[in-house]
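Here is a short round of questions and answers to go with the model you are about to see. Take a moment to turn it around before reading on.

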Amino acid sequence: MRITTRKGDVFCVEIEQSYKVFFQYIGNDMTQLNSSVIRVFKKHYSLDEEPVMDQIVCNGVSFYAHTILRVGIERGAWYKVGSHDDVGEEKDVCFRMFGDLDFSKINKSYRWYVWTMNQPLVFVGEMTDEYIDYNVGFVYSYLDIVEKIKTGYFLLKHID
């Protein structure tokens with residue numbers, strides 16, 4: 001089966017047969033392995049609600065993340081419900097990542113980098129309040145995305 005996704009596609013994630021959340025594929029980030037970037041919307045809908053695309057994309061963004069869309073579709077974690085031309089501005093999508101390979105050093109790392117979609121990494125050294133709310137720029141599995149939607153944390157809780 002060939003899976004085709006396009007910038008602007010909107011997907012639905014149903015959480016434990018109790019509610020659903022939508023996210024939108026907003027583009028690929030060449031800075032992070034050319035991975036797909038999504039914006040997950042804050043609003044939770046009941047399973048029987050069928051909001052129109054304009055309603056979905058005007059909700060606030062809960063978080064941005066890099067992921068592999070195709071795998072989430074293949075595994076049934078999410079499904080496409082439509083598309084919308086409004087994908088926001090790339091300059092507003094900010095990420096951070098630490099340069100230490102040892103995850104135990106994340107809270108005391110002095111090797112942090114930040115970037116916006118498709119822009120070069122900028123070394124900032126020690127993490128400061130200016131960047132602390134940036135999204136952690138790992139490429140997350142579909143399991144991580146669903147977990148973050150459900151609980152507010154990725155599976156590796158110490159990196160949120």
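Accessible areas here come from the Shrake-Rupley method with a 1.4 Å probe. Please keep in mind that this is a predicted model.

Q: How much area does the protein chain expose, and what share of it do carbon and sulfur atoms supply?
A: Happy to start with the surface. The exposed area of the protein chain is about 9,000 Å². Of this area, the share from carbon and sulfur atoms is 49%.

Q: What radius of gyration does the protein chain have?
A: A compact globule of 160 residues would have a value near 15 Å, and the protein chain agrees with that. Its C-alpha atoms fill a box of roughly 45 × 30 × 30 Å along the principal axes. The radius of gyration of the protein chain is 16 Å.

Q: Why is strand β2 described as largely enclosed by the rest of the structure?
A: Buried means under 20% relative accessible area. Strand β2 covers residues 19-29 and is largely enclosed because, of its 11 residues, the number buried is 10.

Q: Which residue in β2 is the bridge partner of cysteine 12?
A: Strand β1 (residues 9-15) pairs with β2 in the antiparallel sense, over six bridges. The two strands form a hairpin with three residues between them. Within β2, the partner of cysteine 12 is phenylalanine 22.

Q: Which residue in the turn between β2 and β3 has a positive phi?
A: β2 also runs antiparallel to strand β3 (residues 35-41), joined by six bridges. Five residues lie between β2 and β3 in this hairpin. With a phi of about 60°, the turn residue in question is leucine 33.

Key: Residues numbered from 1 in each chain as written. Predicted model: local features only at pLDDT ≥ 70, side-chain atom pairs only at ≥ 80, totals over all residues. Heavy atoms only, no water. Rg over C-alpha atoms; globule rule 2.2 N^0.38 Å. Buried < 20%, exposed > 50% of the residue type's maximum accessible area, 1.4 Å probe, protein only. Helix = DSSP H or I, 4+ residues; strand = E, 2+ residues; numbered from the N terminus. Pairing = 2+ DSSP bridges.
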